[in-house]
Amino acid sequence: MNSLDTTKAYAQKLDQEDILKSFRNDFYLPKETIYFDGNSLGLMSKQAESTLHTLLDSWKTYGIDGWTEGEHPWFYLSEKLGEMTAPLVGAHKNEVIITGSTTTNLHQLVATFFKPEGNRNKILADELNFPSDIYALQSQLKLKGLDPKEHLIRVKSKDHNTLATEDIIAAMTDDIALIVLPSVLYRSGQILDMKTLTTEAHRRGIIIGFDLCHSVGAIPHELAEWGVDFAFWCTYKHLNGGPGSVGGLYVHQKHFGHAPGLAGWFSSKKDKQFDMEHTLTHADTAGAYQIGTPHVLSAAPLLGSLEIFQQAGIHAIRQKSLQLTSYFLELLKTELGDYDFVIANPLDEEIRGAHVFLEHPDAARICKALKAEKIIPDFRSPNGIRIAPVALYNTFEEVWNVIQILKKIMEEKRYEKFENVRGVIA
Ligand SMILES: *Cc1c(COP(=O)(O)O)cnc(C)c1O
């Protein structure tokens with residue numbers, strides 16, 4: 001067995017060899033800080049800043065005419081951003097639109113695709129998903145007069161951190177009309193087998209959609225090829241669109257005839273929208289699932305940010321991301337084997353997302369001790385630490401440094417200075 005080279009020089013060598021290293025210069029990195037939280041809020045790039053200014057200028061310069069004038073006319077912005085995002089999710093250009101937020105897009109897609117009929121009147125989700133998704137599903141059921149206690153089925157996890165494909169498939173019973181699952185679990189970072197789950201759902205006549213919040217911009221997808229019915233995501237995590245940036249959704253083109261469950265004038269065919277008729281002629285693209293006026297200034301940074309993804313390529317990003325998380329885990333095992341950390345993310349690279357998830361009884365105060373050293377992880381109640389070294393702007397040397405500092409914190413019990421409870425945000 002090769003033993004890991006634990007020297008700083010080795011980390012620096014990995015940085016030298018990194019084909020993505022120049023992208024770090026495109027980002028504003030918080031001063032003297034190691035930022036390992038890009039899976040919660042990605043950092044700002046110069047490109048994102050610049051396109052935000054460009055769209056502010058078009059408001060300044062054109063007023064109302066900014067809808068059709070300027071470098072990026074606002075009327076077509078959501079479609080343009082959809083086209084730019086399509087390669088990241090493996091979709092055709094017109095299957096993706098940038099609109100809404102994760103949660104409102106989920107509401108839209110469930111309102112559109114959940115058609116309870118006879119005994120087929122339940123939604124299948126999982127017990128590990130992010131609360132907002134579950135709240136949305138519960139409220140959509142209530143809107144249809146169905147009791148979420150009976151009609152929302154949540155696949156159980158055997159180990160509190162991961163889901164077994166066979167358990168999900170076993171839950172695809174005759175009474176399930178719709179399935180909504182995450183692509184990557186937000187705590188453990190497990191990647192679900194979207195291809196197999198889609199095939200199995202379709203064999204049983206069930207519509208299936210995925211929440212890509214933790215996978216878009218981090219791992220490649222082939223949504224169209226896999227036949228996934230719909231997907232939705234936020235753009236402020238790995239896509240670096242900025243706080244509250246506009247979300248995204250995908251609808252497979254075979255569903256383009258489906259009228260939006262939640263309609264508005266931006267659901268219109270673009271050339272019909274200003275006819276102002278009281279009968280909606282909805283777009284025959286994913287654009288049909290927009291509702292109202294796009295949040296132009298909250299979408300603007302994405303124009304610049306997505307250019308970076310076009311240049312770097314999602315496969316190179318994925319490769320470096322795996323290298324970073326593997327390196328972190330190897331160093332952790334070698335240097336911090338004695339301190340009760342449990343590695344709770346999958347070790348298998350095939351199913352490991354873009355962050356590391358550690359469990360520790362003192363997780364809350366270890367996070368506070370890391371923050372006191374200007375290292376930004378995030379804490380997930382009750383005992384989890386998420387660490388996300390991001391391929392576009394983090395380095396191997398930063399990983400090495402974090403391990404050294406974490407080792408000091410543990411050896412010297414520096415975390416004991418802090419209370420073991422979470423702050424308001426994390
Ligand atoms: C980040 C995240 C959300 C957030 O939803 P918003 O509507 O963007 O606030 C929802 N679901 C998952 C799985 C997430 O990771």
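Two strands count as paired when DSSP finds at least two bridges between them. With that in hand, the sheet in this predicted model is easy to walk through: seven strands make it up, lined up as S2-S8-S7-S6-S5-S3-S4. The sheet is open, and its pairing is mixed. At the edges sit strand S2 (96-98) and strand S4 (152-155). Each of these two has a single partner strand, so one side of each has no neighbour in the sheet. On average, neighbouring strands here are turned by 20° against each other, ignoring direction.

Now for a look at one pair inside the sheet. Strands of a sheet pair through backbone hydrogen bonds, and they can do so parallel or antiparallel. Strand S3 (residues 122-126) and strand S5 (residues 176-182) run parallel and are joined by three bridges. Within this pair, Lys122 faces Ile176 of S5. Helix H4 (residues 102-113) packs on the sheet, where its contacts are S3, S5, strand S6 (207-211), strand S7 (230-233) and strand S8 (248-251). The direction of H4 makes about 165° with that of S7.

Over to Thr6, which lies in the segment before helix H1 (8-17). Is Thr6 buried, partly exposed or exposed? Its relative accessibility is 27%, so Thr6 counts as partly exposed, given that buried means under 20% and exposed means over 50%. Leaving aside residues up to four places away in sequence, Thr6 touches Leu331, Thr334, Glu335 and Trp400. Take Glu335: in sequence, Thr6 and Glu335 are 329 residues apart, yet in space their C-alpha atoms are 8.5 Å apart.

Technical notes. Residues numbered from 1 in each chain as written. Predicted model: local features only at pLDDT ≥ 70, side-chain atom pairs only at ≥ 80, totals over all residues. Heavy atoms only, no water. Helix = DSSP H or I, 4+ residues; strand = E, 2+ residues; numbered from the N terminus. Buried < 20%, exposed > 50% of the residue type's maximum accessible area, 1.4 Å probe, protein only. Contact = heavy atoms within 4.5 Å. Axes fitted to C-alpha atoms, helices over the stretch in contact; angles between N-to-C directions.
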